[in-house]
Amino acid sequence: GRVLLLVFTVASQVTFIAKYSPLTSAKHLMDHAEEQKMELEALASIYFQEFQLIDAGPPARFVLDVEAAESESPLRMHIDLEFTYTPRYPEEAPEFVIRKKRDITDFQVEDLQQHIRSLIEQNLGASMVYSVVEAVKEWLTDHSQSMHDKMVARISTQQQRQAEVAEETAIEREERLRREAEAAARAEQLAREEKLRLGTPVTRENFLAWKRKIDAERETEKSR
């Protein structure tokens with residue numbers, strides 16, 4: 001048992017020394033640099049016009065033009081996504097910066113930064129820029145459509161409210177006209193009732209007409 005423990009301890013020490021010796025670290029850095037170079041070549045080939053190498057490095061620094069996919073929405077979020085490799089990438093996270101270009105708010109940029117950090121964390125240990133960029137495209141597309149849907153819903157709500165106000169106004173106008181007609185009818189009815197209560201007022205013309213009528217009736221009686 002002691003022999004086995006001694007062998008295990010010696011083996012562990014040898015592994016540790018081999019892993020962290022200057023020669024091994026230099027080899028790992030060379031491996032990282034080679035992997036970074038291969039990824040840069042692949043990205044330049046895949047994205048072509050959307051890819052711009054700012055500094056070949058090391059550390060390399062480059063920008064990708066990332067835009068939401070075309071859809072029914074007229075809104076298309078559009079950003080520049082800048083990456084800078086770190087010496088031990090992809091074992092450690094690359095640095096990145098988001099620069100707004102179109103249809104994206106500061107709040108959404110902060111949200112997207114958190115999303116990218118999560119993506120990087122999930123992909124540590126492997127070349128990840130392509131996966132991150134494609135996931136960002138999908139995020140921009142989804143959020144562009146979501147913004148469009150919210151805008152359409154807001155406009156629809158405003159139009160519905162305006163229609164309700166217009167309908168309300170029409171109803172109020174109709175109600176006012178109805179009340180005015182009822183008031184006029186009541187006033188006319190009251191005038192008729194008052195006339196009946198007071199009778200026909202006596203004027204000179206009314207009296208003469210009444211006298212002529214009485215005289216005519218008397219003459220008719222005499223002639224019989």
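Which residues does Leu81 touch, not counting residues up to four places away in sequence? The list is Phe62, Val63, Leu64, Val66, Phe96, Val97, Ile98, Ile116, Val133 and Val136. We return to Leu81 below, under the core.

## The model and its confidence

This is a predicted model. The protein chain averages a pLDDT of 80, and 78% of the residues score at least 70. One stretch falls low: over residues 2–25 the pLDDT is below 50. Beyond near neighbours in sequence, that stretch has four contacts in the model. Where pLDDT is low, the predicted coordinates should not be read in detail.

## The overall plan

The protein chain has five helices and four strands. Read from the N terminus, the elements run α-α-β-β-β-β-α-α-α. Of the 224 residues in the chain, 22% are buried.

Contacts also reach along the chain. Take those between residues at least 6 apart in sequence: 55% of them join residues at least 24 apart.

## The sheet

The four strands form an open sheet. Their order is S1-S2-S3-S4, and the pairing is antiparallel. Strand S1 (51–55) and strand S4 (95–102) stand at the edges. Each has a single partner strand, so one side of each is left without a neighbour in the sheet. On average, neighbouring strands are turned by 20 degrees against each other, direction ignored.

Now look at one pairing. Strand S2 (residues 61–67) pairs with S3 over seven bridges, in the antiparallel sense. One residue to find here is Glu67: its bridge partner in S3 is His78.

## His78 in strand S3

His78 lies in strand S3, which covers residues 78–84. Is His78 buried or exposed? It counts as buried, because its relative accessibility is 10% and the cut-off for buried is under 20%.

Leave aside the neighbours within four places in sequence. His78 is then in contact with Asp65, Val66, Glu67, Lys100, Lys101, Arg102 and Ile104. Glu67 appears here as a contact and is also the bridge partner of His78.

## Helices against the sheet

Helix H3 (residues 106–123) lies across S3 and S4. It runs at about 145 degrees to S4.

Helix H4 covers residues 129–198, and Trp139 sits in it. Trp139 is buried, with a relative accessible area of 8%. Leaving aside neighbours within four places in sequence, Trp139 is in contact with Met77, Ile104, Gln108, Asp111, Leu112 and His115. Ile104 also touches His78. Glu67 comes up again too: its C-alpha atom is separated from that of Trp139 by 9.8 Å, although the two residues are 72 apart along the chain.

## The nonpolar core

In soluble globular proteins, nonpolar side chains tend to be buried together. The largest nonpolar core in this model has 31 residues. Leu81 and Leu140 have the most contacts inside it.

Which elements give two or more residues to this core? They are helix H2 (22–47), S2, S3, S4, H3 and H4. The largest share comes from H4, with seven residues.

## Aromatic pairs

The structure holds five aromatic pairs. Tyr47 and Tyr130 form one that is tilted, at 6.1 Å centre to centre with 35 degrees between the planes. Tyr47 lies in helix H2 and Tyr130 in helix H4, so the pair ties together parts that are 83 residues apart in sequence. The two rings sit in unlike settings: Tyr47 is buried, with a relative accessible area of 5%, whereas Tyr130 is partly exposed at 40% relative accessibility.

Phe62 and Tyr85 make another pair. Their ring centres are 5.4 Å apart and their planes stand at 65 degrees, so this pair is edge-to-face. Phe62 is in strand S2 and Tyr85 in the loop between S3 and S4, 23 residues apart. Phe62 is buried, at 0% relative accessible area. Tyr85 counts as buried as well, at 1%. Both belong to a cluster: ring pairs link Phe51, Phe62, Phe83, Tyr85 and Tyr89. Phe62 is also one of the residues that Leu81 touches.

How values were computed. Residues numbered from 1 in each chain as written. Heavy atoms only, no water. Buried < 20%, exposed > 50% of the residue type's maximum accessible area, 1.4 Å probe, protein only. Contact = heavy atoms within 4.5 Å. pLDDT = per-residue confidence, 0-100. Pairing = 2+ DSSP bridges. Axes fitted to C-alpha atoms, helices over the stretch in contact; angles between N-to-C directions. Core = buried A, V, L, I, M, F, W, Y, C linked by side-chain atoms within 4.5 Å. Phe/Tyr/Trp six-rings, centres within 6.5 Å; stacked < 30°, edge-to-face > 60°.
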